[in-house]
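Let's take a walk through this protein together, one piece at a time. Have a look at the structure below, and then we'll begin with a couple of ground rules.

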Amino acid sequence: MFTGIVEELGEVTAVENLGDASRFRLRGPVVTEGAKHGDSIAVNGVCLTVVETAGGEFTADVMAETLKRSSLGALAPGSPVNLERPMAADGRFGGHIVQGHVDGTGVIVERTPSEHWEVVRVSLPAELSRYVVEKGSITVDGVSLTVVDAGRDHFTVSLIPTTLALTTLGTRQPGDPVNLEVDVIAKYVERMLGERSGRAGEAAG
């Protein structure tokens, strides 16, 4: 499990096409410290499995389905990426529950700077809009953020200077795709309420 608190702004150093998958090599000396084969590292919010590490870099295989359903397919050597290791059992819970399972992608629509922060509007796939609420949590490219405004096809977030400086969201421009993961608690609640409604209907029938 992750928390959406980015540990390091890393970089893609190589992408190898494997046909039905791609192998990424990424630079991230902080997240690779102590990492070994089989460990998990979130890359722009996508949980990937470490294949090998060396010299502050690690490799990970990304299957075609993940490339299709996330923004990882747009990465190339030189692309910056947000990196986070899973939270340790005794770690501080700084963000919210993040699984590293991307629900869909959005697009940066607009950036509105102010003196101390920046408001960013992101397009929202219709099938995800019911999970996004004002003051709720959402993960954008692996960054845990609080929703400011939730519309039917978009949402806005406010980015503080630290987020702008230490994550990819500081340089994402209108038209750029971003990975989205909605709050998993909302999905569990929806499922449980649906099952309760179904059982009530069966009893009434």
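Two strands are said to pair if DSSP finds at least two bridges between them. The strands themselves are DSSP runs of E with at least two residues, helices are runs of H or I with at least four, and both are numbered from the N terminus. What you're looking at is a predicted model, where local features need pLDDT of at least 70 and side-chain atom pairs count only at pLDDT 80 or more, while totals for chains, interfaces and linings use all residues. Residues are numbered from 1 along each chain as its sequence is written, and side-chain values use heavy atoms, with hydrogens and water left out.

Let's start with the broad layout. An unreviewed UniProt entry places the feature "domain: Lumazine-binding" at residues 1–96 and 97–193, and its annotation "repeat: Lumazine-binding" covers 1–96 and 97–193 too. UniProt positions are given here in the numbering used for this model, feature names are shortened, and annotations may be inferred rather than shown by experiment. In the model, residues 1–96 are 10% helix and 44% strand, with end C-alpha atoms 10 Å apart. Residues 97–193 come out at 16% helix and 41% strand, and there the end C-alpha atoms lie 20 Å apart.

Now zoom in on a barrel. Six strands form a closed one, in the order E7-E8-E11-E10-E9-E12, with antiparallel pairing. From one strand to the next, the twist averages 45 degrees; the axes here are lines fitted to C-alpha atoms (for helices, over the stretch in contact), and angles run from 0 to 180 degrees between N-to-C directions.

You can trace the barrel from E7. On one side, E7 pairs with strand E12 (residues 177–182), antiparallel, over four bridges, and threonine 105 has asparagine 179 in E12 as its bridge partner. E7 also runs antiparallel to E8, with five bridges joining them, and a hairpin of four residues connects E7 to E8. Here threonine 112 is partnered with valine 119 in E8. Carry on to E11: E8 pairs with E11 in the antiparallel sense over six bridges, and valine 119 turns up again, standing opposite serine 158 in E11.

Which side chains of E8 are buried? They alternate along the strand: Glu118, Val120 and Val122 point to one face and are buried, whereas Val119, Arg121 and Ser123 point to the other and are not. Buried means under 20% relative accessible area, exposed means over 50%, and partly exposed is in between (1.4 Å probe, protein chains only).

Next, the empty spaces. Rolling a probe the size of a water molecule over the atoms shows where empty space is left. On a 1 Å grid over the protein atoms alone, a cavity is a set of points where a 1.4 Å probe fits but cannot get out, and a pocket is an open set with protein on both sides within 12 Å along at least five of seven lines; lining residues have an atom within 4 Å of a point. Grid points are joined across faces, edges and corners, and a volume is the space filled by probe spheres set on the points.

The largest pocket has a volume of about 250 Å³. It is lined by 16 residues, and Ile5, Val6, Val143, Thr163 and Thr167 lie nearest its centre. Strand E1 (8–17), strand E10 (143–150) and helix H3 (161–166) each supply at least two residues of that lining. By type, the lining divides into seven nonpolar, seven polar and two charged residues. (Ala, Val, Leu, Ile, Met, Phe, Trp, Tyr, Cys and Pro count as nonpolar, Asp, Glu, Lys and Arg as charged, and the others, Gly among them, as polar.)

How many cavities of 30 Å³ or more are there? The count comes to two. The largest cavity holds about 40 Å³ of space. Strand E7 (104–113), strand E8 (118–123) and strand E11 (154–159) each give two or more residues to its lining, which includes Val120 and Val122. That lining has seven nonpolar residues, no polar ones and two charged. The second largest cavity has about 30 Å³ of space, and its lining includes Val6, Glu84 and Asp141.

Finally, Asp141 has a backbone quirk: its phi is near 50 degrees, a positive value in a residue other than glycine. Aspartate 141 sits in the loop between strand E9 (137–140) and E10, and counts as buried at 0% relative accessibility. Asparagine 44 also has a positive phi near 50 degrees; its place is the loop between strand E3 (40–43) and strand E4 (46–54), and it is buried, with a relative accessible area of 0%.
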